[in-house]
Amino acid sequence: MNTYDQLYIDGQWVAPVRGGTFETLDPSSEQPLARVAAANAEDIDLAVRAARRAFDEGPWPNMSGAARAAVLRRIAQGIRARQQELAELEVRDNGKPLPEALWDIGDTAGCFDFYADLAEDLDSHAEQPVALADERFSSVARKEPVGVAGAIIPWNFPMLMAAWKVAPALAAGCSMVLKPSELTPLTALELAGIAHEAGLPAGVLNLVSGLGPDAGAPLAEHPGIDKLAFTGSVPTGSRIMQAAAKDIKNISLELGGKSPFIVFADSDIEAAVEWIMFGIFWNQGQVCSATSRVLVQRELYAPLLERLRQEAGKVRIGNGMEEGVLLGPLVSQSQYDKVREAIGRGREEGARLVHGGERPAGFAKGFYLQPTIFADVPEDSWIWNEEIFGPVVCLRPFDDEAEALHAANDSRFGLAAAVMSRDLPRAERVARKLRAGIVWINCSQPTFTEAPWGGYKHSGIGRELGEWGLNNYLETKQITRYDSEQPWAWYIK
Ligand code: NAD
């Protein structure tokens with residue numbers, strides 16, 4: 001068993017003040033994988049103070065964007081140099097298949113390179129003139145780092161979710177305290193080591209592993225934090241927002257979803273099967289943007305269901321390290337129990353189980369579950385409306401575009417949506433009417449560092465990735481100058 005019993009604070013690896021640790025498990029074997037440092041409020045306070053010093057006194061926010069970019073690029077190189085090893089660590093900690101983990105780590109490095117470019121751009125774009133109607137004045141709008149950022153992330157894409165926050169925050173000139181999920185803390189801890197080797201100044205990035213209530217809550221409540229960036233579930237997001245309200249902290253939230261996928265009858269059936277499967281079964285369905293509600297136009301409904309059933313039966317389940325495995329174990333016992341409970345609920349609610357729903361044969365250990373398909377799912381049922389966060393897809397038929405749009409938008413979530421049709425004007429029209437922050441046409445899930453990511457409604461506040469992700473970590477200041485020699489004439493007439 002590996003040991004990760006130290007926190008990374010102020011550029012040094014230090015034991016938690018109270019010496020606490022917790023275990024992270026390998027979800028394929030249910031065996032302990034590593035013993036990890038458990039931060040509590042005292043450690044969080046030390047980390048926030050270090051980040052505060054690094055921001056208020058350190059060189060980082062005042063360095064040129066180009067100088068910050070050089071460090072970000074070295075972090076990207078450090079990640080790439082260890083891509084295979086980090087991907088294997090991600091598989092063991094999270095359970096995902098190795099090819100998906102390799103994607104994640106490649107994207108993590110790409111994210112640092114992307115924000116290195118934007119950091120460089122800041123040198124020439126941080127100040128923009130503002131045209132004023134009154135020519136006695138001149139004004140510029142200037143982008144400045146927001147300050148000390150606190151980041152709390154989930155377990156489904158452990159290193160990539162860290163990068164989505166760390167890379168833009170560092171590019172902007174912020175310092176950060178990052179708390180990874182207690183279920184998958186290992187690659188984030190490795191990231192701290194890579195950043196250290198890349199020459200990131202002490203205190204700019206602080207890595208505090210720990211449990212949600214013991215480490216996450218004190219971070220969210222800490223008055224030394226200027227900005228909180230959270231990715232996780234809606235109930236925790238709501239708690240974070242309440243904590244942030246006390247000090248009027250700037251927040252961004254990336255929360256859950258129950259994303260619809262509208263498939264019109266003119267779609268190619270094989271393409272529809274492929275994207276529906278990818279949309280809900282990759283990463284074991286533990287994807288915030290998973291298209292878990294599929295609406296299929298009636299003419300295509302029965303043949304599509306049959307093809308889906310056949311293909312789901314061929315999905316190879318197993319340890320993510322084995323070649324050809326598409327579906328690894330779920331991340332934890334509690335996640336496994338939650339998804340099984342949801343499947344039981346679906347059965348009780350009268351949804352028709354077309355495939356799966358059980359633990360696959362031959363697995364004595366590990367949080368394995370068959371890919372699961374429910375058809376004719378009642379629209380007022382729990383499984384149609386609530387996020388399951390597992391390999392469970394719900395299907396319903398529809399007759400016309402208006403009905404599909406109404407059903408798709410009839411949700412308290414609004415993270416993502418997908419539409420498939422050979423009639424591109426129709427697909428484009430529907431895409432514009434879907435109430436979601438991300439809409440895919442003729443595909444589901446491909447995600448690009450350059451494009452904005454985030455949700456409507458209960459799915460969150462703000463956008464990550466692209467220039468929008470950088471803006472998350474920037475304040476805008478106006479600097480306005482009086483250029484006239486004339487008195488202002490408030491009292492001098
Ligand atoms: P979670 O809310 O249980 O935990 C997320 C993080 O919050 C963890 O680090 C956890 O330790 C921490 N936490 C828990 N309680 C806390 C508290 N009281 N105060 C502060 N921090 C606390 O979510 P999860 O189970 O890790 O992740 C799954 C959820 O994340 C799903 O709902 C999924 O849709 C969502 N998600 C969203 C996106 C997105 O981009 N919108 C991406 C990935 C995951």
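## Two pockets and two domains

The second largest pocket is lined by 25 residues, and those that lie nearest its centre are Asp107, Leu160, Trp282, Gln445 and Thr447. The structure in which this pocket is found is a predicted model, and everything that follows should be read with that in mind. The volume of the second largest pocket is about 460 Å³. Helix H4 (98-125) and helix H5 (158-172) each supply at least two residues of its lining, and H4, with five residues, gives the most to it. By character, the lining of the second largest pocket divides into 14 nonpolar, six polar and five charged residues.

To place this pocket, it helps to turn to the division of the chain. The chain is divided into domain 1, which covers 2-255 + 459-478, and domain 2, which covers 260-441. Taken over C-alpha atoms, the centres of domain 1 and domain 2 are separated by 31 Å, while 23 residues of domain 1 are in contact with 30 residues of domain 2. The lining of the second largest pocket draws at least three residues from each of domain 1 and domain 2.

The largest pocket, too, takes at least three lining residues from each of domain 1 and domain 2. The largest pocket has a volume of about 1200 Å³. It is lined by 47 residues, of which Trp155, Gly232, Ser233, Thr236 and Lys338 are the closest to its centre. Several elements take part in this lining, for helix H7 (212-221), strand E11 (227-231), helix H8 (234-246) and helix H11 (333-348) each supply at least two residues. The lining of the largest pocket is made up of 24 nonpolar, 12 polar and 11 charged residues.

Strand E11, one of the elements that supply the lining of the largest pocket, is also the place of Phe230. Is Phe230 buried or exposed? With a relative accessible area of 4%, which is under the 20% limit, Phe230 counts as buried. Leaving aside its neighbours within four places in sequence, Phe230 is in contact with Ile152, Lys165, Thr236, Gly237, Ile240, Ser252, Leu253, Glu254 and Leu255. One of these partners, Lys165, is 65 residues from Phe230 in sequence, and the two are 9.0 Å apart in space, C-alpha to C-alpha.

Another partner of Phe230 is Glu254, the position at which the unreviewed UniProt entry places the feature "active site". Glu254 is found in strand E12, which spans residues 250-254, and it counts as buried because its relative accessibility is 6%. Which residues surround Glu254, once its neighbours within four places in sequence are left aside? The contacts of Glu254 are Phe230, Thr231, Gly232, Trp453, Gly454, Gly455, Ser459, Gly462, Arg463 and Glu464. Among them is Gly232, which was named above as one of the residues closest to the centre of the largest pocket.

Elsewhere in the chain, His355 is found in strand E15, which covers residues 352-355. The relative accessibility of His355 is 19%, so this residue counts as buried, since buried means under 20%. Not counting residues up to four places away in sequence, His355 touches Arg309, Ala312, Gly313, Pro371, Thr372 and Ile373.

Arg435 offers a view of a loop, in this case the one between helix H14 (424-433) and strand E20 (438-441). Because its relative accessibility is 47%, Arg435 counts as partly exposed. Beyond its neighbours within four places in sequence, Arg435 is in contact with Asn409, Gly414, Tyr456 and Lys457. Of these, Asn409 is 26 residues from Arg435 along the chain, and the C-alpha atoms of the two are separated by 5.9 Å.

Two further residues are worth a look for their backbone angles. Most residues other than glycine have a negative phi. Glu30, however, has a phi near 65 degrees, a positive value in a residue other than glycine. Glu30 has its place in the loop between strand E4 (21-26) and strand E5 (31-37), and it is partly exposed, with a relative accessible area of 23%. The phi of Ala489 is positive as well, near 70 degrees. Ala489 is found in the segment after strand E23 (474-482), and with a relative accessible area of 36% it is partly exposed.

Definitions and conventions. Residues are numbered from 1 along each chain as its sequence is written. This is a predicted model: local features need pLDDT of at least 70, side-chain atom pairs count only at pLDDT 80 or more; totals for chains, interfaces and linings use all residues. Side-chain values use heavy atoms; hydrogens and water are left out. UniProt positions are given in the numbering used here, feature names are shortened, and annotations may be inferred rather than shown by experiment. Helices (H or I, at least four residues) and strands (E, at least two) are DSSP runs, numbered from the N terminus. Buried means under 20% relative accessible area, exposed over 50%, partly exposed in between (1.4 Å probe, protein chains only). Contact means heavy atoms within 4.5 Å. On a 1 Å grid over the protein atoms alone, a cavity is a set of points where a 1.4 Å probe fits but cannot get out, and a pocket is an open set with protein on both sides within 12 Å along at least five of seven lines; lining residues have an atom within 4 Å of a point. Grid points are joined across faces, edges and corners, and a volume is the space filled by probe spheres set on the points. Ala, Val, Leu, Ile, Met, Phe, Trp, Tyr, Cys and Pro count as nonpolar, Asp, Glu, Lys and Arg as charged, and the others, Gly among them, as polar. Domain bounds come from an automatic or database domain assignment.
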